[in-house]
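Me: Could you take a close look at one part of this model for me? I'd like the charged side chains, and what sits around them.

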Amino acid sequence: MARTRPHRPLLLAAGCALLFALARARGRVRAVAVSGDSMLPALRPGDWLVVYVGGRVVPGDLVVARHPGRPDLLIVKRATRRSGGGWWLESDNQHARGRRDSWDFGAVPDALVVGRVAARYWPLWRAGRLLTDTRGGLGWQAAVTLGRPAHRSEQ
């Protein structure tokens with residue numbers, strides 16, 4: 001009789017779910033749903049993201065921030081450079097209808113940057129860490145569904 005080995009993807013998903021639950025309980029992780037087309041092709045409407053609250057940001061990272069003119073609104077953008085005590089945040093798709101980024105409102109103060117996007121966890125077929133063109137990977141791989149996201153972001 002053949003030996004059965006544990007199914008690695010299931011173990012990875014279970015481990016990620018446990019880490020996510022622990023980090024979320026400590027308030028260090030948020031779940032955010034993407035709406036809008038301004039971050040295509042990296043992010044699509046309906047993608048659900050894991051965000052490290054207060055995570056260290058470097059140029060090229062995807063971040064979630066509060067809109068400078070509407071602090072109740074979360075936006076997801078790419079941090080391109082430091083600029084005057086804040087971050088210059090840009091959309092990947094500059095031609096998206098309704099796109100708003102630092103070209104419209106200037107650099108976003110550090111205090112309004114919520115955190116760094118670590119991974120996409122839904123839809124499952126697109127789950128995983130997010131890669132940039134030249135700057136390496138962002139965060140760890142997450143391939144679990146833990147319910148609906150707590151927050152939605154506009155792009």
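Reply: Here's a walk through the charged residues, starting with strand E4 and ending with the nonpolar cores.

A word on the ground rules: this is a predicted model, where local features need pLDDT of at least 70, side-chain atom pairs count only at pLDDT 80 or more, and totals for chains, interfaces and linings use all residues. Numbering runs from 1 along each chain as its sequence is written, and side-chain values use heavy atoms, with hydrogens and water left out.

A search of the whole structure turns up 5 salt bridges (a side-chain nitrogen of Lys or Arg within 4 Å of a carboxyl oxygen of Asp or Glu). One of them joins Arg-78 and Asp-92, N to O at 2.7 Å. That pair links distant parts of the chain: Arg-78 belongs to strand E4, while Asp-92 is in the loop between strand E5 (86-90) and helix H2 (102-105), 14 residues apart. Strands and helices here are DSSP runs, numbered from the N terminus, with at least two residues for a strand (E) and at least four for a helix (H or I). Arg-78 is buried, at 10% relative accessible area, whereas Asp-92 is partly exposed at 30%. For the cut-offs, buried is under 20% relative accessible area, exposed is over 50%, and partly exposed is in between (1.4 Å probe, protein chains only).

Further along, Arg-82 and Asp-110 form a salt bridge at 2.5 Å, N to O. Arg-82 is in strand E4 and Asp-110 in the loop between strand E6 (108-109) and strand E7 (113-122), so this pair ties together parts 28 residues apart in sequence. Both ends are partly exposed: Arg-82 has a relative accessible area of 42%, and Asp-110 comes in at 37%.

Then there's Arg-99 with Asp-101, a salt bridge of 2.7 Å, N to O. Both of these residues are buried. Salt bridges with shared partners join Arg-99, Asp-101 and Asp-104 into one network.

Arg-81 is worth a stop too. It lies in strand E4 (residues 70-82) and is partly exposed, with 37% relative accessible area. Leaving out residues up to four places away in sequence, Arg-81 touches Gly-86, Trp-87, Trp-88 and Glu-90 (contact being heavy atoms within 4.5 Å). The C-alpha atoms of Arg-81 and Pro-59 are 5.4 Å apart, though 22 residues separate the two along the chain.

Now for Asp-61, in the loop between strand E2 (48-53) and strand E3 (62-67). Asp-61 is buried but has no salt bridge, and the nearest side chain of opposite charge, Arg-116, is 4.2 Å away. (Lys and Arg count as positive, Asp and Glu as negative; His and the chain ends aren't counted.) What the Asp-61 side chain does reach is the backbone nitrogen of Val-58, at 3.0 Å.

As for the nonpolar side, the largest core has 12 residues, among them Val-32, Leu-49, Val-64, Val-76 and Val-117. A nonpolar core is a set of buried Ala, Val, Leu, Ile, Met, Phe, Trp, Tyr and Cys residues joined through side-chain atoms within 4.5 Å. E1, E2, E3, E4 and E7 each supply at least two residues of that core. Another core, of 9 residues, lies apart from it and includes Val-63, Ala-79, Trp-87 and Leu-89. Trp-87 is also one of the residues Arg-81 touches.

Key. Polar contact = N/O pair within 3.5 Å; in protein donor to acceptor, adjacent residues only side chain to side chain.
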